[in-house]
Structure formats: structure tokens, C-alpha cells
Amino acid sequence: MALYSEKVMDHFRNPRNVGIIENADGIGEVGNAKCGDIMKVYLKIEDDIIADVKFETFGCGSAIASSSMATELIKGKPVSEALSLTNQAVVEALDGLPVHKVHCSVLAEEAVKKALLDYYKRNGMTYDPQQFEDHENCGSCCDHNA
Amino acid sequence: MRIYLDNAATTKMSKTAVNALLPYMDDIYGNPSSLHLAGQAAAEALADARKRMANCLDCAADEITFTSGGSEADNQALYSAARIGARKGKRHIISTAFEHHAVLHTLDKLEKEGFEITLLDVHENGIVHAKQVSDAIREDTCLVTVMYANNEIGTVQPIQKIGEICRARDVIFHTDAVQAVGHLHVNVREQNIDMLSLSAHKFHGPKGIGILYCRKGIPLTTLIEGGAQERGRRGGTENIPAIMGMAAALEEACALIDENAGKLTVLRDRLIAGLSEIPHSILNGDAGRRLPGNVNFCFEGIEGESLLLLLDDKGICASSGSACTSGSLDPSHVLLAIGRIHDIAHGSLRLTLSEENTAEEIEYTIQAVKEVVTYLRGISPVWRDLVEGKKEFIIK
């Protein structure tokens, strides 16, 4: 289907880093089934580096591709760098997303950040709350209460 | 390989329809409004097509108005009935919650203009009861509009009974029969139908053409002002090639209706049986009272668009009521109307058959859907929570 770029279809058909991490150092889940998108990101962090990352996603093609790409972008990177991941970077790495699918990339960014926040909290580390604003649910994709 | 299972979206034109259409794109190109020979050849063809279509529906030729398709016919039917009602001070319309948007959005507009709309419940099996219509009719009811068969879940409504009730209570009865005509026996006389919309491309005819049947004596409101075409009920030069293709397609479909329905029902029921083997899946809509070619399922724990894309990779063309496939946030209003909650409605799959499909294709499709559902559940955090008992299954 021409709805998506080849990059999106590649990451959708062959998603990287699918799965879970037992004893993860940080876990972040965003979205809800009502909206049709849920992403869950698991992090293994060693020496302040994202040593491993896995994800599970319930959602459309672009949701699965966005999670796959987001995990690729942070794998092996320092935590500080992972923290600066933006949805725009995910969109660009995927060679673009249709306008009504951009929220999937936002969700991917939020899932990564929520997992990092979990890591900070578990380890009693100090963090700048501003970096984790509005990541409690998928505020970008659904505000209906139906 | 391509297995086309999206015949509710559109069908392939039949050879008969193509052959009937082509001469009117070539030699017979006159405008039926012209007085000369070329024009009159087209005018004769038009009159003939109108008569043949009228025979298929059991109405008079002058009760047929050609339109650009089902949506225009629905719009014109509703506005016309509303106009007639308003003149008599009747501003109440009865419909159902799972009509096509061509009806629902027109009703929204009429509501803004001061009409009161009652949308009847269609129950979990996707069928409205005639008694609900009877109970809902008031002194000021000017129109009952109930679709013949639903476009997503294929459930067939008790049209004849609703028609009887409306006729007895002197209320105009319109039915959007876009999914039914050519697939089920439709007879506007016997079924007391006052207005009926149909669309050619749902029964192997061309796209962009349909009709509005309107019983004699019910005045139509024009949506498109222009010349005197269609006896002043729709301006614009008639789309003669499409009309000729439609008439041929309808005659062919009506002649083969029982044969095709018999064949499709066997394929449909095998597909339903095969997909029912998938755990935590559910058929949407009544198992028996549905179109012979319609299959619609929800699978818990997955989302429909990713299901469609992976089936497409396997050569299967299908559709879904998932929000992601429509570009809106909400899943199908049809699935919500039969009580499927959002979480489940997102994981829906519609497979609609034609008589060209084979038993082998159905077996391949069952296998493919099983594989894709299993794969997507394997990467779904929702499925994990369900399997690990952190959430309760909605579909048991």
C-alpha cells in the first residue's frame, strides 16, 4: 500500500527489538486500547548506556514501525541522549508518516521517556520533571471518553 | 497472487457490463437531449436501460432517477422526504444507528435544520425489529429510512415488514439498498418501498452511477439544478456509458441471484467456521440473516490496520472497521452500534466475497488470518496482559 514509505513498511514487516526484557531497569507503557494504540518499552541500562531495549505494540502499521524505529534510535546510546529523542526524529528516520499518523511517533517518544522516568525513579535519581511532561497517557491521540 | 475479498467496497465489473458500456464511449456518443440522429440513438438507449432497470426492481420506468451513486440517491431521498414533511408540519424522522454515513450525515444536517431524529437500536445481532419502527412512529413522523443490508456486518433488515407498517401509517419509507440490490431479491412493490437507493459498482457495474427509485406521486427535491434531464429531477447530461453498464450488470446479477447466493453462502459459512477457530474471536452480526458474501470478525488483542497490511502482503485484499484505517479516532460506528466496545472494535476484519472466489482461496485466507493474528498477538502488550491474567478477556 502506498500509504506508508518503504522505511515504515520495512520496520512494520520486520520490527527490530520486539519482545520483553526480564528484570528490566525501566518500563514505560503509554496509550490505551480504546484509542487503538498501546506501546510498552523495556530498557536495560548499564553504565548509563541503553544496553538493550525491547518493545511490544498494539496498534496500526505506523505504531509498530514507530516503536521499532524509536528503539533503534536509542539502542547503545547514553541515557542523556535517549532522553532527547523527539517524535520528529522518529518521523524523519522513517522517511515521513502520513499526517494523521504522526501521533504514533509521539507515542513512541513518550513510551521511551516513560521508561526512562521509571528508571530514574527506581534508582532514586534526580531528574528534571519538565523533561517528562504530559507523558502519563497518549494525550496527543485521544481526548474522547467514549 | 491476489485474493480480492473486499466486494462490499467495490466489485470488479463483469464482462457483460463492460461490453454493454463500451459502445457508448465509442460510436454512440450523442447527447440524449439532442434532437438529431446521434442524440436520439443515445436517448433510445437511455430509455431502454431505464425500462430494464425498472423491470428488475418491479417499478415503472419513470419512477427511476439516475444519480451519481448511492450517496447522492440517499441525500436526495432524505431531503425530498424532509421537504414534503416540513410542508405538512411533520419534522420527525426515524432511522437506525448503523446507517451509512450518506444517511447519517444527511440526518445530522436535517437535525440542525430543526428535524427531530430517532435512531433505533440495532441490537447485538445487528438487526432492527419492525415493532421498534411501529412503536417509534408519531403523528409528526415524515420519514422512516432503514438500510436493506448493512455495509459492514451484512445484516439484513426486515424491510418488507417495515414497509407494511409505514404504508399503513402513511409514512414515507426509504431504504438504502446499496449492499442488497443484485445480491438479494428486491421488489419495491411487494415490499412496500417508497424510495430506494442503489449503486452499480456493488453488483459488478461501473462506479459513479446509481439510481434513486421514488414511487409515483412522491415529489423529489432536486439537488443539482440544471437542464430538464431526469424529468427535471436531476440536472446534467446523463452518464450514458455508465448507465448502460449498470443496466446490463443489474440484469445479469438478478438473473444469477439464487445461483450466486447459493455458492457464496457455502464459502461464507466455511470462512466463518474457519475464523471461529481462532481463540477470542467473535463474528459480528447475525450468523444467518446476513448477506451471502459478508464475513466480519473481531479479534481481541490486535489492531485492524496492521492486520490488513499483513494480509495485503499475503495477497489478500480486505477491510477493517478500525479507526486507523479511516483516519478518524473512533472505530466503526456500526461495530459500536452493535455494542462492541472500542478496544474490540479496533481489531475488526471484514471479508466480503464474490462469486469469483474459490474454495481454495477461502482455505488460504483462513490460514493466513490465523497466522497474522497469532503474530500480531505475539507482539501485543494487550495480548500479554490478557494471557497473563492481568486483564480479563472481553471476547470469551
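This is a short dialogue about a predicted model with chains A and B.

Trainee: What makes helix 4 of chain B count as a helix?
Mentor: A helix needs at least four residues in its DSSP run. Helix 4 of chain B has 12 residues, from 101 to 112. So the run passes the cut-off of at least four residues.

Trainee: How do you know that its length is close to the expected one?
Mentor: The expected span is 1.5 Å times one less than the number of residues. For the 12 residues of helix 4 of chain B, that gives 16 Å. From first C-alpha to last, the helix reaches 16 Å, close to what is expected.

Trainee: Which residues of helix 4 of chain B are called buried, and why?
Mentor: They are Ala102(B), Val103(B), Thr106(B), Leu107(B) and Leu110(B). Each is called buried because 20 or more other C-beta atoms lie within 10 Å of its own.

Trainee: How do you know that these buried residues share a side of the helix?
Mentor: They cover an arc of only 125° around the axis, so they sit on the same side of helix 4 of chain B.

Trainee: What do these buried residues pack against?
Mentor: Their partners in chain B are helix 3 and strands 3, 4, 5 and 6.

Trainee: What does the face turned away from the buried side carry?
Mentor: Asp108(B) and Lys112(B) are there, and they are exposed. The cut-off for exposed is 12 or fewer C-beta atoms within 10 Å.

Trainee: What stands out just after helix 4 of chain B?
Mentor: Gly114(B) takes a positive phi of about 110°.

Trainee: Why is the set with Tyr213(B), Ile243(B) and Met244(B) called a nonpolar core?
Mentor: Because its residues are buried, of nonpolar kinds, and joined through C-beta atoms within 7 Å. This largest core has 150 residues, and those three have the most contacts inside it. Helix 7 of chain B gives the largest share, 11 residues. Domain 1 and domain 2 of chain B each supply at least three residues.

Trainee: What makes Leu57(B) a contact of Tyr213(B)?
Mentor: Their C-beta atoms lie within 7 Å, so the pair counts as a contact. Other contacts of Tyr213(B) include Cys59(B), Ile64(B) and Met195(B).

Trainee: How many residues does each chain bring to the contact between A and B?
Mentor: Chain B brings 23 residues and chain A brings 23 residues. On the side of chain B, helix 9 gives the most, with 5 residues. By class, that side has 9 nonpolar, 7 polar and 7 charged residues.

Technical notes:
Residues are numbered from 1 along each chain as its sequence is written. Chains are lettered from A and ligands numbered from 1 in the order in which they are written. This is a predicted model: local features need pLDDT of at least 70, side-chain atom pairs count only at pLDDT 80 or more; totals for chains, interfaces and linings use all residues. Two residues are in contact if their C-beta atoms, placed from the backbone, lie within 7 Å. Helices (H or I, at least four residues) and strands (E, at least two) are DSSP runs, numbered from the N terminus. Ala, Val, Leu, Ile, Met, Phe, Trp, Tyr, Cys and Pro count as nonpolar, Asp, Glu, Lys and Arg as charged, and the others, Gly among them, as polar. The arc is that of the directions from the helix axis to the C-beta atoms. Domain bounds come from an automatic or database domain assignment. Lists of a residue's contacts leave out its neighbours within four places in sequence.
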